[in-house]
Every structure is written in structure tokens, then in C-alpha cells.
Amino acid sequence: MIANKPSRVAIIGAGSVGSTAAYACTLQGCASEVLLVDIDEKMRDAQVLDLQDCGFVSDTKVRAGSFADAGAADIIVITAGAKQRPGESRPELVGRNRAILASVLKNMQPIQPDAVLLIVANPVDALTSVAQQLSGLPKNQVLGSGTFLDSERLRAALADRLGVAQTAVHAYVIGEHGDSQVVAWGSATVGNTPLLQLPGMAGVNLPELAVSVRDKAQSIIAAKGATHFGIGTCVASLCAAILNDKRHVRPVSHYIPDLDVCIR
Ligand SMILES: NC(=O)C1=CN([C@@H]2O[C@H](COP(=O)(O)OP(=O)(O)OC[C@H]3O[C@@H](n4cnc5c(N)ncnc54)[C@H](O)[C@@H]3O)[C@@H](O)[C@H]2O)C=CC1
Ligand SMILES: CC(=O)C(=O)O
């Protein structure tokens, strides 16, 4: 029997988002190993111990790692960084999180040449561009989580309104993971029926619905200080898709040559 090469996901930043992403990766069994890396080693080690208690339902092993270990992983997820305080916008984090990203990328060198770098820290589109400039990896190996989470929030809101499963709704939020995001209403369908032709959508205030999706993060942050379940699940889904070459189509942030920026 030939054993498959072990697959490794390294998650930099073991706070709310990083630990929830590790939890979701563990439950999905998306890799052989998940490494958690954080400058706060005491907290990182406690997260690892806590996550190891999930081992009875998963073959994915969670362990603490160094920046050098992370540089050798198949997928490196960057969640390290400041989060928004209530009322603060994502772009207001850029100075702090650019500096953290630059130091993380430097500490991980040399990053193995086939690695995929997945940026999650905010503002995610701007930081994806920074990571493309500083990581040394080809641009097509450096992605951001983009509007994946926003699109799932939209699909959930529509599914709830129409009384169908979220997976039956095909709808995307595009553009920035931020205040200028746009809902692609015209291409949205439920099954093969255009969304806007459904009787259940009659009278729905589309701009209001789009704003509620756009502002969902702020409502959650105002009440509990952070969002992490949705994005953790998006990260695990992306890692599983990449490692298993699932050919999923997801709205991630990537380099658009015509605009010379990373966006979805
Ligand atoms: N793209 C998206 O859809 C989403 C992005 N986010 C973003 O994710 C980021 C993390 O959010 P949370 O986990 O809630 O914050 P958190 O404060 O709970 O965790 C951040 C972690 O980063 C660590 N860290 C800071 N500097 C570091 C460094 N140089 N090296 C290694 N680790 C370092 C901290 O010690 C901390 O454990 C924020 O920027 C937040 O805005 C959050 C939700 C959704
Ligand atoms: C924090 C953030 O970016 C979100 O939940 O959308």
C-alpha cells in the first residue's frame, strides 16, 4: 500500500477566527494536520489543547507550530491581526495589519514554492495584494477569502425568505469584502429559476436586503465583539477544496490584471 503524503494547513493567528477555522478544519477532516501559530504562545498552546479534545471525531491532528513550520505547509491561512472595534471599518485596520502581515511573511521564509497563501485578516482585499507583493509566491497562489462569507450571508437570507435550502440558492456578492460590495442580482437563481422572477421575491426591497447582508458583521461585532463561525467554516471549505482538488467555484479575492488590484 502506498501512503498518501500528509497534508498540512498552517493557521497564523490562533484567536477567534484562527481557532474556529482550526475547529472547522478538524470537524471536516480537511487535512492530516492543522498547525496553529501565534505570537502569544501560551494562548496558542491552550487553543491546541482545547482543539485536541475534538480528536475522537476526526483524524486531523492539531498541533502548535513555529513560523518555520508554517512556511513548509501546503496551505497557510493568515488570520493574525487586529479586529474591528464596534463602529470601526475594515480599512481602518490596514496600517496595523499590513505591518503584522509583513512580519509574519518574513518570519515564515523560505515559504515552500507550492504553498497556497489564504489571507483572511482585514481589510482582506488590500492585504491579499500586499501578500502577493511580499510573499515571493506566484500571484495565483495567493488568495483572499474575498466575498465568500458575504455570499453565504446573502444565500442564507434568501433561503430563509424563500423557504428553501441555502444550497439551492445560487447568488453572489461581488467586489470588495467591505462597504462597496455589490449583489449580483441579475445572475442569481434558485434551482434554474432566475431569483427575481420568483413570486416570493415580489415586493422585496433589494437595496435594503443588500445593506443588511453588508452590515451583518457590524451587528454581530456590536453585540459580541467578533465574527468567527462563518469565516471559520469558509476557511475550512476552501482548504478542503484546494487540498482535494474539488474544483469548487468560490468568490475569493484574487489579482485582476485590468484593475491591478485583488478583489472578487
Ligand atoms: N475576511 C473575513 O471575512 C473576516 C476577517 N476577519 C478578520 O480576521 C482577523 C482576526 O480576527 P480575530 O481572530 O477575531 O482576532 P483575535 O484578536 O481574536 O485574534 C488575532 C490573533 O492574531 C495574533 N497575532 C497578532 N499579531 C501576530 C503576529 N505578528 N504573528 C502571529 N500572530 C499574531 C494575536 O495574538 C491573536 O491571537 C481580523 O483582522 C478580522 O477583521 C474576521 C472575520 C471575517
Ligand atoms: C469581520 C468581517 O470582516 C466579517 O465578519 O465580515
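Start by selecting ligand 1, which sits in the largest pocket. The structure on screen is a predicted model.

**Stop 1: ligand 1**

Show the residues around ligand 1; there are 28 of them, and V17, D38, A82, V120 and N122 come nearest. Pick A82 and turn to its backbone, where an N or O atom lies 2.7 Å from an oxygen atom of ligand 1. Then move to V120: a polar backbone atom of V120 is 2.9 Å from a nitrogen atom of ligand 1. For a side-chain contact, select N97, which places a polar side-chain atom 3.4 Å from an oxygen atom of ligand 1. Now display the surface. Ligand 1 taken alone exposes 870 Å², and the protein buries 88% of that.

**Stop 2: ligand 2**

Select ligand 2 next. The space that ligand 2 takes is the largest pocket, and this is also the description that applies to the site of ligand 1. Around ligand 2, show Q84, R90, N122, L149, R153, H177, A217 and T227. N122 deserves a second look, as N122 is listed around ligand 2 and is also among the residues that come nearest to ligand 1.

Colour this shell by residue type: two residues are nonpolar, four are polar and two are charged. Then go through three side chains in turn:

- R90 has a polar side-chain atom 2.8 Å from an oxygen atom of ligand 2.
- N122 has a polar side-chain atom 2.9 Å from an oxygen atom of ligand 2.
- R153 has a side-chain N or O atom 2.8 Å from an oxygen atom of ligand 2.

How much of ligand 2 does the protein bury? Taken alone, ligand 2 exposes 220 Å², of which the protein buries 90%.

**Stop 3: the two domains**

Zoom out and colour the protein chain by its domain assignment. Domain 1 covers 8-146 + 226-250, and domain 2 covers 147-224. Measure between their centres, taken over C-alpha atoms, and the separation is 26 Å. Where the two parts meet, 22 residues of domain 1 are in contact with 16 residues of domain 2.

Keep the domain colours on and go back to the shell of ligand 2. Which domains supply that shell? Domain 1 and domain 2 each contribute at least three residues to the shell. Of the side chains already visited, R90 and N122 fall within the 8-146 segment of domain 1, and R153 falls within the 147-224 range of domain 2.

Terms used:
Residues are numbered from 1 along each chain as its sequence is written. Chains are lettered from A and ligands numbered from 1 in the order in which they are written. This is a predicted model: local features need pLDDT of at least 70, side-chain atom pairs count only at pLDDT 80 or more; totals for chains, interfaces and linings use all residues. Side-chain values use heavy atoms; hydrogens and water are left out. A residue is near a molecule or strand if one of its heavy atoms lies within 4 Å of it. A polar contact is a pair of N or O atoms within 3.5 Å; within protein, one must be able to donate a hydrogen and the other to accept it, and residues adjacent in sequence count only if both atoms are side-chain atoms. Accessible areas come from the Shrake-Rupley method with a 1.4 Å probe; for residues, only the protein chains shown count as cover. On a 1 Å grid over the protein atoms alone, a cavity is a set of points where a 1.4 Å probe fits but cannot get out, and a pocket is an open set with protein on both sides within 12 Å along at least five of seven lines; lining residues have an atom within 4 Å of a point. A molecule sits in a cavity or pocket if more than half of its atoms lie within 2 Å of its grid points. Ala, Val, Leu, Ile, Met, Phe, Trp, Tyr, Cys and Pro count as nonpolar, Asp, Glu, Lys and Arg as charged, and the others, Gly among them, as polar. Domain bounds come from an automatic or database domain assignment. Contact means heavy atoms within 4.5 Å.
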